[in-house]
Amino acid sequence: MFSRKELKKAILTSLWFVFLTMPIMVIKVDAIERTIYWRWLNSLYMAVGVFTVYLLIRLYQHRKNSRQSQAGESGPSVGFLHRLLQNPRQRLLLFAVVGAVVVIFPHFTSTYQVNVMTTALMYVMLGLGLNIVVGLAGLLDLGFVAFYAVGAYTYALLNLHYGLGFWAVLPIGGLFAALFGIILGFPVLRLRGDYLAIVTLGFGEIIRLVLENWGEFSKGPSGISNISRPGFFGIELPLEQAILYTYYLMVLFVIITIFVVNRLQDSRLGRAWIALREDEIACQAMGIDKHKTKLAAFSLGAFWAGIVGVMFAAKTTFVNPASFTFLESAIILSIVVLGGMGSIIGVIFGALILILLPEYLRALSEYRMLAFGAILVCMMIFRPQGLFANIRRHYHYHKKDSSEHDSSGQDFPKSQPS
Amino acid sequence: MTTPILEVTGLTMDFGGIRALNAVDLEVNSGEIVALIGPNGAGKTTFFNCITGIYRPTAGDIYIFRPDHAGRLSLKGLKPNQVTERGLARTFQNIRLFPKMTVLENVMIGRHCRTKSFLFGAVLRTRANRREEEEILEMSYRMLEQVGIAQYADDNAENLPYGAQRRLEIARAMATEPLLLLLDEPAAGMNPQETIELDRLIKEISRAGQAILLIEHDMKLVMSLSDRIVVMDYGKKIAQGNPLEIRTNPAVIKAYLGEEVNA
Ligand SMILES: Nc1ncnc2c1ncn2[C@@H]1O[C@H](COP(=O)(O)OP(=O)(O)O)[C@@H](O)[C@H]1O
Ligand SMILES: [Mg+2]
């Protein structure tokens, strides 16, 4: 069943884990008694556990491989949700149900829950923005949070100095972030893969460090407070209603985002992004302007981040550089990867899982990051394509089929060439 | 009357110390099929890469003659996409499709440089945009039919049989409406039956008035298709002429054909 090489690797892996986890699993310091307990038995459990898990994973992969070779290269199985979405009537029903849940949700829960949900929706939007850059255009951007910060600080500063309101700054914040997207885009146009990732990571950190250290401009680490909440036709709402209002606004924004991203990815530009991701040279040789296409992806992604940034500043009424660390970029990227690169539904679920789960697993709060990492590792092993891969493509088939019939009705029947 | 389409003069390409192309001249006239042949490493693919803007040639000039433009247009120093816009479209020796896109989508990418819609058209789905999308689909599907792989339209490109992948590359290049179609070893890796079908396809395309410049190793195919043949060796052009002349040219036989013709 397992080759000797695999067994050897399993043993090595478990020994490696024993070594890595030694400080927490084996050594226990009792500060009061001033003694150290050495719990060697734990490392035995660790070794056996890792060994078993490793072999189980291999077994799973073996089975998957043999199943794949049996089934030939038949396409990926079509998921349940996806079948729902293909049928227009069922799709409408699904949208109606989701819409109803979203609308009445706040009336059955506390403001705290509404707040958490608003945050999750913000991440949905950030994920969808990054999805354009990473999922569609295939440009690994590790500094996405920079654009989020640009949006948030645009609002915070304009509100502080000029008293501009939320609605006035919303487009400015988005456009300003998009501008930053282009500014970052230019120097990195030539870069790909790892190099691009490193440069964007650096860019993200630069923005944060500037905000942290340029006190006169950004008020430094102490941040900017008392930012106005979103205005409701000039009326200032009491806190509870303001939270509700923010929630509904966010729902609206997410709907608009989904609408726009969905249309973009099925457009000429969207196809160009995907082609660019697949093969840059062939893409250029087919007449696609690589630079223009990349810049469009960068600036559009940044635009959404900027919008969410403005929203964030308005929601929390306070911004400081600590909200825009690399961890934030990593979370947004994880949302995209977990959900499935390029898949809108995937990103929505990814965001809800990664943002809501930790909230509701407060009991495990100490192990949150551990669980986070474990989930991602498991994903990479068992479903590297993400939760909802392939959804876009199937949409596309469907749409294309129908429009094909429209246009091909008269003069070219589907011939079957010999 | 033949009118020139492509004119290349003195094309030279150095890679460090290696001179992969040495002052190559080449011309293609409208409606012609020209074959570029030569032993492996002669610099044929490098020639394609230079004229399509993938490499920047060390020296030499590349001109294209467009019917909608008086005089000649220089292609030197242009980016690959600009070259394609001006009317050269190519296939690759080692197939470069977009593997995770469908066959139809692959061809649709070829329509990119002949269509315009961008952000706002895409988001608002204006009437102009919808018409354009329909046009793209229609034209792309027709291209698939022309090369005979329409039955695969909805499959991913990576799942196509090898011969069909080569055809898809041709369809994708044709979708850009090129003045001159460049084919880099289209029959490489094909079995004899597939090669015969390819021969038929290229003739069909050519009959519609398409000028073709073709790199190929299969001598039977080259002799059957070409109006003119250009032979390269060690980056230099060593001969040119019609198939008969090439077959009997001693320099060519020595450099390249010798084994195959006598075998
Ligand atoms: N990017 C490159 N860098 C260095 N040398 C190259 C490069 N591309 C091609 N060459 C060299 O140029 C010569 C011609 O190659 P090529 O044009 O691929 O030949 P072929 O006629 O078989 O298509 C070879 O010696 C090859 O090693
Ligand atoms: Mg070659």
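In the predicted model described here, Glu205(A), Arg208(A) and Glu212(A) are joined through a network of salt bridges. Side chains of opposite charge can pair when their charged atoms come close. Over all chains, a search of the whole structure returns 19 salt bridges.

One of these contacts spans the two chains. The side chains of Arg96(B) and Asp279(A) form a salt bridge with an N to O distance of 2.9 Å. Arg96(B) belongs to the loop between β6 and α3 of chain B, while Asp279(A) belongs to the loop between α11 (268–278) and α12 (280–285) of chain A, so this pair joins two chains. The partners differ in their exposure class: Arg96(B) is partly exposed, with a relative accessible area of 27%, whereas Asp279(A) is buried, at 10%.

A further salt bridge is formed within chain A by the side chains of Glu280(A) and Lys294(A), with 3.5 Å from N to O. Because Glu280(A) lies in helix α12 and Lys294(A) in helix α13 (residues 290–316) of chain A, the pair ties together parts that are 14 residues apart in sequence. Glu280(A) and Lys294(A) are both buried. In chain B, the side chains of Arg19(B) and Asp14(B) meet in a salt bridge of 2.8 Å, N to O. Arg19(B) is partly exposed, with a relative accessible area of 42%, and Asp14(B) is likewise classed as partly exposed, at 24%.

The magnesium ion (ligand 2) has Thr45(B), through OG1, and Gln93(B), through OE1, as its protein donors, at 2.0 to 2.1 Å. Thr45(B) is located in helix α1 (residues 44–51) of chain B and Gln93(B) in the loop between β6 (88–90) and α3 (103–110) of chain B; the pair therefore ties together parts that are 48 residues apart in sequence. Water is not among the atoms, so the site may look incomplete. Thr45(B) is partly exposed, with a relative accessible area of 25%, and Gln93(B) is also partly exposed, at 29%.

The helix that carries Thr45(B) is mostly covered, with 7 of the 8 residues of α1(B) buried. The buried residues in α1(B) are Lys44(B), Thr46(B), Phe47(B), Phe48(B), Asn49(B), Cys50(B) and Ile51(B). After α1(B) comes Gly53(B), which has a positive phi near 85°.

Positive phi values also occur in chain B at residues other than glycine. For Glu177(B), phi is near 50°; this residue is placed in the loop between α6 (162–174) and β7 (180–184) of chain B. Glu177(B) is partly exposed, with a relative accessible area of 43%. For Glu185(B), phi is positive and near 45°, and the residue is found in the loop between β7 and α7 (192–207) of chain B. In contrast to the partly exposed Glu177(B), Glu185(B) is buried, at 7% relative accessibility.

Chain A is divided by the domain assignment into domain 1 (4–71) and domain 2 (86–382). The C-alpha centres of domain 1 and domain 2 of chain A are separated by 37 Å. On the surface, Trp16(A), Phe17(A), Phe19(A) and Leu20(A) make up a nonpolar patch, and their accessible area together is about 440 Å². Within this patch, Phe19(A) is a residue of helix α1 (residues 4–25) of chain A. Phe19(A) is exposed, with a relative accessible area of 53%, a value above the 50% bound for that class.

With respect to cysteines, a search of the whole structure finds 0 disulfides over all chains. Cys113(B) is in no disulfide, and the nearest cysteine sulfur, that of Cys283(A), lies 11 Å away; a disulfide requires the two sulfur atoms to be within 2.5 Å. Cys113(B) is buried, with a relative accessible area of 13%, whereas Cys378(A) is partly exposed, at 39%.

Notes
Residues numbered from 1 in each chain as written. Chains lettered and ligands numbered in written order. Predicted model: local features only at pLDDT ≥ 70, side-chain atom pairs only at ≥ 80, totals over all residues. Heavy atoms only, no water. Donors = N, O, S within 2.8 Å, 3.2 Å for Na, K, Ca; no water. Helix = DSSP H or I, 4+ residues; strand = E, 2+ residues; numbered from the N terminus. Buried < 20%, exposed > 50% of the residue type's maximum accessible area, 1.4 Å probe, protein only. Domains from an automatic or database assignment. Patch = residues over 30% accessible without salt bridge, like charges linked within 9 Å, V, L, I, M, F, W, Y side chains within 5 Å. Areas by Shrake-Rupley, 256 points an atom, 1.4 Å probe, with all protein chains shown as cover. Salt bridge = Lys/Arg side-chain N within 4 Å of Asp/Glu carboxyl O.
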